[in-house]
Amino acid sequence: MDIAQLHQLFLKSSTVCTDTRKITPNCIFFALKGENFDGNTFAKDAIQKGALIAVIDDKKYQISESTWLCKDVLQTLQELANYHRNYLKLPIISLTGSNGKTTTKELIHAVLSEKYKCVATKGNLNNHIGVPLTLLSMNSETEIGIVEMGANHIGEIELLSNIAEPDFGYITNFGKAHLEGFGSIEGVIKGKTELYTYLHKNNKKVFVNGEDSKQLEHTKTMDRIVFNSSEGEIQVKLEETSEKLKVSYEGLEIQTQLIGAYNFSNISAAIAIGYYFKVLAVKIKKALEAYTPQMNRSQIIEKNGNKIILDAYNANPTSMMAALTNFKNSEGKNKVLILGDMFELGGEAHFEHQTIANYVEEYAFAKAFFVGKNFYKTNSSHVMKFETFEDFKNHLQNNPIIDSFLLIKGSRGMALERTLELL
């Protein structure tokens, strides 16, 4: 059986699955491998639970016609996704960047869904497995696909671009994220612009934030749609940032549920892409005003007299500084910081955590708490430091925070959303 034959079987199936705990009747099970598991060993279980076939790459787990043996299961999943993408022949928008990818993807999805049947990456399934699964979740009714691409090493965006073959691209920004894998900010730029390389090589279009000189420089020879620049016809104006962002576009005021000036470019990108795809301005306004942040991303929560900005989904030096600057400039009494370690910084970890500590020391927040081994090692005299979350938890249980305005931010591995249970 070749990929074309597998695709015919896929079209008759219910879906694809990579976890036997989530098997649905008539699905295709892909026996992927991980550091601590081998999906081949679950092939028989998948068939017994109702899978149409199991795709495996270890012959000893072959079960007659119920299993399809290939050289590499992951590669086969990626090839099937690419085949399906070309079978559907629908426009694909891909986006990457150091910060704001998921929020921007959700905003674009909200705007385009006002006119089209769209499928977008769910959550942050944006890696070498998530991108194929996103493409395979599209069908003949899908009119536009929106694919988020994440990476922490050189070459990953190139791989994902070749799988998704996007027609349009957008890079949110270049920031100090995944420095351990990329090696430096220069490595970040090289890795992220692999999307530009693909688009340029294949004569595809790119959306560009005209306020970002680095993006303008890297796309100057490309077929580009520029917004918020004198060279472009798409202009969005930031009207208010005191609480939630208010912007204006084509004479309409749009009151969003997003906070932080750093989200202005994300909103603008969604407007620009909506404009390009001929979504009416009033529909764009409707979509953006209805969008509410989820998944611990800049959520505003009121609890027990406290007002909380929960931004605990992820963090890197660039996004941390942007959040701190926004919090410093926000109106509110008894400002309290709860910051958790930033991961994947490699040899830059101490310097970047100390830089954040220095910034916090400079401004008079009512209270500041650092949580995690990296922040614990910083030199900071006006901050309470805790090496583990359990230590921090014990402190809060004995010293509750009341009537305060809080910013909670840290990397995903810190899971600082647990703090909500203590407030």
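**Strands, a helix pair and two asparagines**

Reader: How many bridges join strand β18 to strand β19, and which residue stands opposite leucine 337?

Author: In this predicted model, β18 covers residues 335–340 and β19 covers residues 367–371. The two strands run parallel and are joined by five bridges. The residue in β19 that stands opposite leucine 337 is alanine 368.

Reader: Which strands stand at the edges of the open sheet of six strands?

Author: The order in this sheet is β16-β17-β21-β18-β19-β20, and the pairing is mixed. An edge strand here has a single partner, so one of its sides is left without a neighbour in the sheet. The strands in that position are β16 (299–303) and β20 (384–386).

Reader: By what angle are neighbouring strands of this sheet turned against each other on average?

Author: The strands in question follow the order β16-β17-β21-β18-β19-β20. With direction ignored, the average turn between neighbours is 15°.

Reader: Which residues of β7 and β11 stand opposite residues of strand β10?

Author: Strand β10 (residues 168–171) has Phe168 and Tyr170 pointing one way and Gly169 and Ile171 the other, and all are buried. It pairs in the parallel sense with β7 (residues 92–96) over four bridges, and three bridges join it to β11 (residues 205–209), also in parallel. Tyrosine 170 is the bridge partner of leucine 95, while glycine 169 stands opposite valine 206.

Reader: How do helices α6 and α9 lie against each other: roughly parallel, roughly perpendicular or oblique?

Author: Helix α6 (residues 156–164) packs on helix α9 (residues 194–201) with the axes 8 Å apart and an angle of about 40°. That angle makes α6, relative to α9, oblique.

Reader: Which residues of α9 are met by α6?

Author: The crossing of α6 past α9 is right-handed. From α6, the contact takes in Glu156, Ile157, Glu158, Ser161 and Asn162. The residues of this contact divide into three nonpolar, two polar and three charged. On the α9 side they are Glu194, Leu195 and Tyr198.

Reader: Is asparagine 228, with its positive phi, buried or exposed?

Author: Phi of asparagine 228 is near 55°, a positive value in a residue other than glycine. The residue lies in the loop between β12 (223–227) and β13 (237–240). Its relative accessible area is 7%, and a value under 20% counts as buried.

Reader: Is asparagine 304 buried or exposed?

Author: Asparagine 304 also has a positive phi, about 50°, although it is not a glycine. It is found in the loop between β16 and β17 (306–311). Its relative accessibility is 57%, and a value over 50% counts as exposed.

Key. Residues numbered from 1 in each chain as written. Predicted model: local features only at pLDDT ≥ 70, side-chain atom pairs only at ≥ 80, totals over all residues. Heavy atoms only, no water. Pairing = 2+ DSSP bridges. Axes fitted to C-alpha atoms, helices over the stretch in contact; angles between N-to-C directions. Buried < 20%, exposed > 50% of the residue type's maximum accessible area, 1.4 Å probe, protein only. Parallel < 35°, antiparallel > 145°, perpendicular 65-115°, else oblique. Left-handed = near helix turned anticlockwise from the far one by under 90°. Contact = heavy atoms within 4.5 Å. Nonpolar A, V, L, I, M, F, W, Y, C, P; charged D, E, K, R; others polar.
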